[in-house]
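Subject: Handover of a structure for your review

Dear colleague,

Please find the structure below, together with its sequence. A summary of what was found in it follows directly after.

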Amino acid sequence: QCLELVLACLAYDSIDVSGAVVDLVSRILVSFEKKEGCWMNSSTAANNNGDDTICNKIISRILLILRARGKYPDDFGFDWEDEEDAEEEQYRTNLRKLYQRIVRLRPQIALRFVGQCLSNLPQPLSSSPTSDIESSLRLVYHYGEGRRPAPGAKTALKDGPFRDMLIALHRSDVSSHPHREVLLLYYDLSVRYSALLKEMPELLAVLLSSISGNHGLQHPHTKVRCRCSYLLLRLVKLVGAKAMRPHVEVVVDGCQRLLFPPEQSGILTIPANEALYLFEATGILLGNSGLNTTVQVRCATAVLTPHIRS
């Protein structure tokens, strides 16, 4: 009865009530990890086995609650300087810690749950409700934080079903979703699990086209342009110059259009400190990717000429 009350509080539609029992739920999960035998020996668990054990049933219920409570309200502004938004985010950060603990404790149960969440999303993904797809992508993103042994992202990619989920996401139209937070979360998880892109260059090509174009560096929202500048540099470093070689011109063109927009183009810009990420990415691509001289000169000229003139 006490356990039922705790889970009811966790699921309650109030941050004050739900947040008050997060630490208690965390202690319950620790108890599963360290004293599972005590739970298994209880009378309620006597006839359970495999995935139907009392611990696994409770964990599955907690996952459902975390997904439901982890969704942002439809009117959430994603303004971290706003006091109410900051409080919402801190609450969800605590929920994610519970999720990461569950991934460490029962990775296969968590993995099946993530797969079900993604499978239940309306198609195409570009038109899925923002709260649904954002919460599902966040489960994918944080799965690697809970997976063990470290580094979690590398271990997660050894899980066949998880790799299949990532491949399906890259082949979907999620990068065309209209909400900026969905775009950024997709790009963030793409960088986190970038080792997959090295193995499947066709997926890397699709991602680079998106992050360098209108859904990334050329996006109308400054936050998206700035974040994509940073993520592009990280991606270039993680996948390596050799894997980037076939895509240099696409990426350099995207960088150039943001750094030196054509006249009367709407003038999308980013702060100077954010622009440094693009200059560094361009330098790596032109200097270390083994381009033939003709392409190297053409790209370098396209980037440097406007800079010299300015």
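In this predicted model, helix α11 supplies the largest share of the lining of the largest pocket, namely 4 residues. The full lining consists of 14 residues, and those nearest the centre of the pocket are Arg138, Glu181, Leu184, Leu185 and Asp188. Two or more lining residues come from each of α6 (83-105), α8 (130-146), α11 (180-192) and α14. By class, the lining of this pocket comprises 7 charged, 6 nonpolar and 1 polar residue. The space in the pocket amounts to about 250 Å³.

Glu181, one of the residues nearest the centre of that pocket, also takes part in a salt bridge. Its partner is Arg180, with the closest N and O atoms 3.7 Å apart. The pairing extends further, as salt bridges with shared partners join Arg180, Glu181 and Lys223 into one network. Is Glu181 buried or exposed? Its relative accessibility is 9%, so Glu181 counts as buried.

The enclosed spaces come next. There are 2 cavities of 30 Å³ or more. The largest cavity holds about 160 Å³ of space. Its lining is made up of Leu66, Arg67, Gly70, Arg92, Leu95, Arg96, Tyr99, Glu134, Ser135, Arg138, Leu139 and His142. The elements that contribute two or more of these residues are α5 (54-70), α6 and α8, and the largest share, 5 residues, belongs to α8. Divided by class, the lining of the largest cavity has 5 charged, 4 nonpolar and 3 polar residues. Arg138 appears in this lining and is also among the residues nearest the centre of the largest pocket.

Glu134, which lines the largest cavity, may merit your attention. Glu134 is found in helix α8. With a relative accessible area of 1%, Glu134 falls under the 20% limit and is therefore buried. Leaving aside residues up to four places away in sequence, Glu134 touches Tyr72, Val182 and Leu185. Of these contacts, Leu185 is also one of the residues nearest the centre of the largest pocket.

The second largest cavity has a volume of about 30 Å³. Leu169, His170, Ser172, Val174, Ser175, Tyr186, Val206, Leu207 and Ser210 line this cavity. Helices α10 and α13 each provide at least two of the lining residues, and α13 gives the most, with 3 residues. The lining has 5 nonpolar and 4 polar residues, and no charged ones.

Turning to charged pairs, the structure holds 17 salt bridges. One of them is formed by Glu145 and Arg192, whose closest N and O atoms are 3.1 Å apart. Why does this pair tie together parts that are 47 residues apart in sequence? The reason is that Glu145 lies in helix α8 whereas Arg192 lies in helix α11. Both partners are partly exposed, Glu145 at 26% relative accessibility and Arg192 with a relative accessible area of 25%.

A further salt bridge joins the side chains of Glu202 and Arg171, at 3.9 Å from N to O. This pair links distant parts of the chain, since Glu202 belongs to helix α13 (residues 201-212) and Arg171 to helix α10 (residues 160-171), 31 residues apart. Glu202 counts as partly exposed at 41% relative accessibility, whereas Arg171 is exposed, with a relative accessible area of 58%. Helices α10 and α13 are also the elements that each supply at least two residues to the lining of the second largest cavity.

Finally, the nonpolar interior. In soluble globular proteins, nonpolar side chains tend to be buried together. Here the largest nonpolar core has 93 residues, and those with the most contacts inside it are Ile62, Leu137, Val140, Tyr143, Phe162, Tyr193 and Leu232. Helix α14 (residues 222-239) gives the most to this core, contributing 9 residues. Which residues does Tyr143 touch, not counting residues up to four places away in sequence? They are Tyr99, Val103, Pro107, Ala110, Leu111, Ala156, Asp159, Phe162 and Tyr193. Among these, Phe162 and Tyr193 are themselves listed with the most contacts inside the core, and Tyr99 is part of the lining of the largest cavity.

Yours sincerely

Terms used
Residues are numbered from 1 along each chain as its sequence is written. This is a predicted model: local features need pLDDT of at least 70, side-chain atom pairs count only at pLDDT 80 or more; totals for chains, interfaces and linings use all residues. Side-chain values use heavy atoms; hydrogens and water are left out. A nonpolar core is a set of buried Ala, Val, Leu, Ile, Met, Phe, Trp, Tyr and Cys residues joined through side-chain atoms within 4.5 Å. Buried means under 20% relative accessible area, exposed over 50%, partly exposed in between (1.4 Å probe, protein chains only). Contact means heavy atoms within 4.5 Å. On a 1 Å grid over the protein atoms alone, a cavity is a set of points where a 1.4 Å probe fits but cannot get out, and a pocket is an open set with protein on both sides within 12 Å along at least five of seven lines; lining residues have an atom within 4 Å of a point. Grid points are joined across faces, edges and corners, and a volume is the space filled by probe spheres set on the points. Ala, Val, Leu, Ile, Met, Phe, Trp, Tyr, Cys and Pro count as nonpolar, Asp, Glu, Lys and Arg as charged, and the others, Gly among them, as polar. A salt bridge is a side-chain nitrogen of Lys or Arg within 4 Å of a carboxyl oxygen of Asp or Glu.
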